[in-house]
Amino acid sequence: MHDPARFAARRHGKPEALGATAGHRAVGQGGGRRIDRGYTDAWTVQAVQDVNVIDMTGLSDHHALEVILSRRALVEALRRTFDPLTVGELVA
């Protein structure tokens with residue numbers, strides 16, 4: 001399984017996709033941390049165009065994630081018309 005935010009950051013130059021999703025309000029939790037994330041398979045992750053961390057201040061102590069996929073690339077991913085992303089390709 002692959003992290004769409006890491007894909008957006010590494011492949012599309014969007015480091016903000018790796019923004020903190022939790023720890024924004026609670027005292028004593030050590031500050032913001034990226035603990036909320038999505039996972040996709042090795043084909044579908046390649047359809048990711050962007051990932052946004054949506055500020056939910058006042059509604060939750062966790063921020064929401066929005067994963068934006070290319071419709072064309074998602075169809076190709078579901079049909080398996082290209083090679084899957086390798087396991088270590090997004091590892092730092």
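Which residues are linked with Asp3 in a network of salt bridges? Asp3, Arg34 and Arg37 form that network, a salt bridge being a side-chain nitrogen of Lys or Arg within 4 Å of a carboxyl oxygen of Asp or Glu.

The model is predicted: local features need pLDDT of at least 70, side-chain atom pairs count only at pLDDT 80 or more, and totals for chains, interfaces and linings use all residues. Residues are numbered from 1 along each chain as its sequence is written, and side-chain values use heavy atoms, with hydrogens and water left out.

**Exercise 1. Describe the surroundings of arginine 37.**

Step 1. Place the residue. Arginine 37 belongs to the loop between α1 and β1. Helices (H or I, at least four residues) and strands (E, at least two) are DSSP runs, numbered from the N terminus.

Step 2. Classify its accessibility. Arginine 37 counts as partly exposed because its relative accessibility is 34%; buried means under 20% relative accessible area, exposed over 50%, and partly exposed in between (1.4 Å probe, protein chains only).

Step 3. List its contacts (heavy atoms within 4.5 Å). Leaving aside residues up to four places away in sequence, arginine 37 touches Asp3 and Leu65.

Step 4. Add the polar contact. A polar atom of the arginine 37 side chain lies 2.7 Å from the backbone oxygen of arginine 34. A polar contact is a pair of N or O atoms within 3.5 Å; within protein, one must be able to donate a hydrogen and the other to accept it, and residues adjacent in sequence count only if both atoms are side-chain atoms.

Step 5. Check a distance across the chain. The C-alpha atoms of arginine 37 and valine 67 are 9.9 Å apart, with the two positions 30 residues apart along the chain.

**Exercise 2. Describe helix α1 and its part in the largest nonpolar core.**

Step 1. Look at the start of the helix. A side-chain oxygen of aspartate 3 comes within 2.9 Å of the backbone nitrogen of alanine 5.

Step 2. Find the buried positions. In α1 (residues 4-12), the buried residues are Pro4, Ala5, Phe7, Ala8 and Ala9. Their cover includes β1 (48-54) and β2 (64-69).

Step 3. List the core. Ten residues make up the largest nonpolar core: Ala5, Phe7, Ala8, Ala17, Ala42, Val45, Val48, Val51, Leu85 and Leu90. Such a core is a set of buried Ala, Val, Leu, Ile, Met, Phe, Trp, Tyr and Cys residues joined through side-chain atoms within 4.5 Å.

Step 4. Assign the shares. At least two core residues come from each of α1 and β1. The largest share, three residues, is that of α1.

Step 5. Take one core member. Alanine 17 touches Ala5, Ala8, Val51 and Val53, not counting residues up to four places away in sequence.

Step 6. Put this in context. In soluble globular proteins, nonpolar side chains tend to be buried together.

Step 7. Look past the helix. Just after α1, glycine 13 has a positive phi of about 65°.

**Exercise 3. State how many salt bridges the structure holds, and work through three pairs.**

Step 1. Count. There are five salt bridges. Side chains of opposite charge can pair when their charged atoms come close.

Step 2. Take aspartate 50 and lysine 14. Their closest N and O atoms are 3.7 Å apart. The pair joins distant parts of the chain, 36 residues apart: aspartate 50 is in strand β1 and lysine 14 in the loop between α1 and β1. Aspartate 50 is buried at 15% relative accessible area, whereas lysine 14 is partly exposed at 25%. Beyond four places in sequence, aspartate 50 touches Ala8, Lys14, Glu66, Val67 and Ile68.

Step 3. Take arginine 80 and aspartate 41. The closest N and O atoms of this salt bridge are 3.9 Å apart. Arginine 80 lies in the segment after α2 (71-79) and aspartate 41 in the loop between α1 and β1, so the pair ties together parts 39 residues apart in sequence. Both are partly exposed, arginine 80 at 39% and aspartate 41 at 24%.

Step 4. Take arginine 72 and glutamate 76. Their salt bridge has an N to O distance of 3.0 Å. These residues are separated by about one helical turn because they are four residues apart in helix α2. Arginine 72 is exposed at 56% relative accessible area, while glutamate 76 is partly exposed at 27%.

**Exercise 4. Identify the ring over which the charged end of arginine 80 sits.**

Step 1. Apply the criterion: NZ of Lys or CZ of Arg within 6 Å of the ring centre and within 35 degrees of the ring normal.

Step 2. Name the ring. The charged end of arginine 80 sits over the ring of tryptophan 43, 3.8 Å from the ring centre.
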